[in-house]
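Q: I'm new to this one, so could you take me on a close look at a single part of the surface? Please explain the terms as you go.

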Amino acid sequence: MRSPWFLPGVMLGISFLALFGAQLWPEWSRLHLLIPYTFLGNSLAPLPYDGAVVYLGGRYALWAIVVVAVAATVLIEAWNMELLARLLAREGTRAFRAHRITQLSLHWYRKAPFWSLVATCVLPIIPHYPMRFLAVLAGYPLWKYQISVILGRGARYALLAGLGVALPIPAHWIVLASLVVLAFGVRGARRMNRQPAAVARPPMAEEA
């Protein structure tokens, strides 16, 4: 069985090479830095990733941005799926796996798994991370999952980079908009994870 540290080691090595390349070829530095940024932005790190792709769109060839971003995304998604598979195989996640909402979500996911994955990869208004859980729980083949990532994220990155070409938005506006979106996302996640307030028990009727 492959070591759980294999893929993180590969990504760490690629990140160091990307940082070295950014120093060696300054004119391509932002494109090199997109590689480790993609690793972080498509994992659990709350980074404003879409804005970075828009920013690069006005500075490099669209095809180069899409190829670099998709290749890095495929690699981090392989790690995401491996990590989730190990996590969801644990005994402590049995309650989550058997939960009514989880099973209902799996029921609907199995009706169109591939296109559901593609849609959540493309559309920014639909979070993709729950689909990773469903794909693992459904035993969806990794190669099919990765094809959905290539199609979905490829389309999304092309649209974002194309926006940067069509509308040369100043960098500070992109950063500001990204931070606002990130703040709303973090706030929404906190609300979802917040434990419901304890409901006070009704007073017991006095005994006669």
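**The nonpolar patch**

A: Phe16 is found in helix α1; helices here are DSSP runs (H or I, at least four residues), numbered from the N terminus. Before going further, note that this is a predicted model, where local features need pLDDT of at least 70, side-chain atom pairs count only at pLDDT 80 or more, and totals for chains, interfaces and linings use all residues. Residues are numbered from 1 along each chain as its sequence is written, and side-chain values use heavy atoms, leaving out hydrogens and water.

Back to Phe16: with 54% relative accessibility, Phe16 counts as exposed (exposed is over 50% relative accessible area, buried under 20%, partly exposed in between, with a 1.4 Å probe and protein chains only). On the surface, Phe16 joins Leu12, Leu19 and Leu33 in a nonpolar patch, and together they have about 380 Å² of accessible area. Areas like that come from the Shrake-Rupley method with a 1.4 Å probe, and for residues only the protein chains shown count as cover. A patch takes residues with over 30% relative accessible area and no salt bridge, joining nonpolar side chains (Val, Leu, Ile, Met, Phe, Trp, Tyr) within 5 Å and like charges within 9 Å. A salt bridge, in turn, is a side-chain nitrogen of Lys or Arg within 4 Å of a carboxyl oxygen of Asp or Glu.

Helix α1 (residues 6-24) gives the patch its largest share, 3 residues. As for the setting, the protein chain has 10 helices and 0 strands. Its accessible surface comes to about 13500 Å², with 71% belonging to carbon and sulfur atoms, and 35% of its 208 residues count as buried.

Notes:
Helices (H or I, at least four residues) and strands (E, at least two) are DSSP runs, numbered from the N terminus.
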